[in-house]
Amino acid sequence: MNYIDYIRQFWARQDALSLTVTETALYLYLLECCNRQHWPARFIRSNDKIEAALNISYKILKNARTRLQEVGLIRFTARSGTSLAEYAITSSFKDKVRDEVRDEVRDEVRDKVRDEVVNEVNPAVTNVRAIRQRQRQKTETNHTPRPPERATGQGVTCPDYVEPAYVDTFTQWLRYKQARREPYRSPQALQLCYRKLLELSGNNPAQAADIVETAMANNYAGLYPLTRIETNNPTRHPFTEYENNTRYRQF
């Protein structure tokens with residue numbers, strides 16, 4: 001690292017380190033001293049000269065250089081009995097980046113080797129995982145979302161596409177079917193039933209309520225028109241012309 005590299009390293013870490021003005025001035029002063037001596041591994045500097053150059057006391061100097069050493073910017077050794085101290089400018093920031101890159105590469109290589117070993121030692125596990133992944137993707141692709149439903153109590157929910165005027169009537173019919181243990185087993189069947197109720201009632205909510213109540217009163221399994229043709233057999237259920245054509249279709 002050269003002079004500019006050290007300065008860039010320092011300012012890159014300044015925000016994270018939150019150094020004081022004195023600590024910043026001391027580091028730049030020591031960096032300049034090292035540069036003037038052509039970058040020796042260690043150099044000696046008198047406390048008196050540093051105090052005079054920065055206009056600080058020995059106590060402030062002592063605290064500042066201790067802080068710089070703690071954050072890894074310098075190393076120093078005070079010579080007992082004298083005002084001299086031996087300093088060294090460190091490149092810990094460069095070493096830190098190198099260590100981070102090394103750890104990242106090591107983790108990536110380790111994961112890759114582990115996957116290759118698993119595939120070679122037990123390919124069946126890998127095949128099963130791949131098959132399950134494809135099945136999940138296929139399920140997600142082919143999944144038809146259910147229409148949103150509104151809660152109606154008693155374990156019955158009414159789909160949101162049901163118009164407000166028909167909610168009570170249609171909910172009553174769903175509860176009736178549930179009590180007969182004949183619930184609609186798919187959202188499509190449920191929607192077809194609702195459409196058939198609209199068709200039979202002529203989009204009349206009162207007529208729809210009569211259709212549902214009549215079906216429930218006669219214990220019907222499905223919905224039928226209100227108009228019926230009389231027959232000579234009182235025990236036989238009378239069918240309209242429409243129901244004769246669709247006798248075994250229930251909605």
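This short report looks at two loop residues and one pair of helices in a predicted model.

## Two residues with positive phi

Let us start with the backbone. Most residues other than glycine have a negative phi. Against that background, two residues are worth finding in the structure.

One of them is H38, whose phi is near 65°, a positive value in a residue that is not glycine. To find H38, follow the chain past helix α2 (21-36): H38 lies in the loop that leads from there to strand β1 (43-46). H38 is exposed, because its relative accessible area of 69% is over the 50% cut-off.

The other is N219, also not a glycine, with a positive phi of about 60°. Look for N219 in the loop between helices α9 (205-217) and α10 (241-245). N219 has a relative accessible area of 52%, so this residue counts as exposed too, the cut-off being over 50%.

## Where α3 meets α4

Now turn to helix α3, residues 47-54, and helix α4, residues 58-70. Their axes come within 10 Å and cross at roughly 100°. How are α3 and α4 oriented to each other? They are roughly perpendicular, because an angle from 65 to 115 degrees is counted that way.

Which residues make the contact? From α3 come N47, I50 and E51, and these meet Y58, L61 and R65 of α4. Sorted by class, the contact has three nonpolar residues, two charged ones and one polar one.

Definitions and conventions: Residues are numbered from 1 along each chain as its sequence is written. This is a predicted model: local features need pLDDT of at least 70, side-chain atom pairs count only at pLDDT 80 or more; totals for chains, interfaces and linings use all residues. Side-chain values use heavy atoms; hydrogens and water are left out. Helices (H or I, at least four residues) and strands (E, at least two) are DSSP runs, numbered from the N terminus. Buried means under 20% relative accessible area, exposed over 50%, partly exposed in between (1.4 Å probe, protein chains only). Axes are lines fitted to C-alpha atoms, for helices over the stretch in contact, and angles run from 0 to 180 degrees between N-to-C directions. Angles under 35 degrees count as roughly parallel, over 145 as roughly antiparallel, 65 to 115 as roughly perpendicular and the rest as oblique. Contact means heavy atoms within 4.5 Å. Ala, Val, Leu, Ile, Met, Phe, Trp, Tyr, Cys and Pro count as nonpolar, Asp, Glu, Lys and Arg as charged, and the others, Gly among them, as polar.
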